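Colleague: I have a model open and would like to learn how its labels are earned. Could you take me through the reasoning?

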Amino acid sequence: MKYTKEHEWIKYDDTTHEAFIGITDHAQSELGDIVHVEFNEPGDLSIGDALCTIESVKSTSEVFIPFNGTHLESNKAVLDDVSQINQNAEGTWLHKVKVSDPGVINVLLTKEEYLKSL
């Protein structure tokens with residue numbers, strides 16, 4: 001997996017050029033219990049566009065796409081049970097995205113680099 005300084009994890013498949021995106025355990029811990037997730041519509045996105053809004057007991061935060069791509073789908077199961085994110089943030093994907101430029105994955109952080117950035 002790869003990570004961003006904005007506390008997102010990315011699991012990338014170099015065969016399909018598709019990536020699953022979620023929030024890190026650290027992000028979930030900082031947000032507190034997540035109570036609601038609102039997904040944006042699928043479609044073409046640019047770096048920094050919002051994928052969804054996450055509401056927690058402490059605040060509201062957005063998840064942003066860290067590369068250009070096409071938002072293919074959102075994990076609808078999360079809408080039925082947001083506690084999945086609270087229980088296992090790094091095991092619960094939020095979005096599936098087709099990556100426009102696969103080379104961008106190499107500039108994302110490794111787990112070790114991410115943990116050092118905290």
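Modeller: Happily! Let us begin with pairing: two strands pair if DSSP finds at least two bridges between them. Aspartate 44, for example, stands opposite threonine 70 in strand 8. Please keep in mind that this is a predicted model.

Colleague: What makes strand 5 and strand 8 a pair?

Modeller: Count the bridges. Strand 5 is joined to strand 8 (residues 69-74) by 3 bridges, and a pair needs at least two, so strand 5 and strand 8 pair. The two run antiparallel.

Colleague: How do you know that strand 1 and strand 2 pair?

Modeller: Here the count is 2 bridges between strand 1 and strand 2 (residues 8-13). The rule asks for at least two, so these strands pair as well. One place to look is tyrosine 3, whose bridge partner in strand 2 is tryptophan 9.

Colleague: Which strands make up the open sheet, and in what order?

Modeller: The open sheet has 6 strands in the order 1-2-3-9-8-5, and the pairing is antiparallel.

Colleague: Why are strand 1 and strand 5 called edge strands?

Modeller: Strand 1 (2-3) and strand 5 (43-45) each pair on one side only. Pairing rests on at least two bridges, so the edge label follows from where such bridges are found.

Colleague: How many bridges hold the other neighbours together, and which residues could I click on?

Modeller: Strand 2 and strand 3 pair over 6 bridges in the antiparallel sense, and aspartate 13 has glutamate 18 as its bridge partner in strand 3. Between strand 3 and strand 9 there are 4 bridges, again antiparallel; glutamate 18 has lysine 98 as its partner in strand 9. Strand 8 and strand 9 are antiparallel too, with 5 bridges, and glutamate 73 stands opposite lysine 96 in strand 9.

Colleague: How many helices and strands does the protein chain have?

Modeller: The protein chain has 4 helices and 9 strands. Along the sequence they follow the pattern β-β-β-α-β-β-β-β-β-α-α-β-α.

Colleague: Why is histidine 17 called partly exposed?

Modeller: Its relative accessible area is 28%. Buried means under 20% and exposed means over 50%, so histidine 17 falls in between and is partly exposed. You will find histidine 17 in the loop between strand 2 and strand 3 (18-23). That hairpin has 4 residues between its strands, and there histidine 17 takes a positive phi near 60°, although histidine 17 is not a glycine.

Colleague: What about histidine 7: which label does its accessible area give?

Modeller: Histidine 7 has a relative accessible area of 25%, so it is partly exposed. Histidine 7 sits in the loop between strand 1 and strand 2 and has a positive phi of about 70° without being a glycine.

Colleague: What makes glycine 103 partly exposed?

Modeller: The value for glycine 103 is 36%. As that is neither under 20% nor over 50%, glycine 103 is therefore partly exposed. Its place is the loop between strand 9 (95-99) and helix 4 (111-117). Glycine 103 and aspartate 14 are 89 residues apart in sequence, with their C-alpha atoms 10.0 Å apart in space.

Colleague: How do you know that proline 42 is in contact with His71 and Leu72?

Modeller: Contact means heavy atoms within 4.5 Å. Leaving aside neighbours within four places in sequence, proline 42 meets that rule with His71 and Leu72. The C-alpha atoms of proline 42 and leucine 72 are 5.5 Å apart, although 30 residues separate the two in sequence. The contact rule looks at heavy atoms, so the C-alpha distance does not decide it. Proline 42 is in the loop between strand 4 (34-39) and strand 5, and at 45% relative accessible area it is partly exposed.

Colleague: Why is strand 3 described as mostly covered?

Modeller: Of the 6 residues in strand 3, 5 are buried. In the protein chain, buried residues make up 41% of the 118 residues.

Colleague: And how do you know that the radius of gyration agrees with a compact globule?

Modeller: For 118 residues a compact globule would have a radius of gyration near 13 Å, and the protein chain has 13 Å, so the two agree. The C-alpha atoms fill a box of roughly 35 × 35 × 20 Å along the principal axes.

Key. Residues numbered from 1 in each chain as written. Predicted model: local features only at pLDDT ≥ 70, side-chain atom pairs only at ≥ 80, totals over all residues. Heavy atoms only, no water. Rg over C-alpha atoms; globule rule 2.2 N^0.38 Å. Buried < 20%, exposed > 50% of the residue type's maximum accessible area, 1.4 Å probe, protein only.
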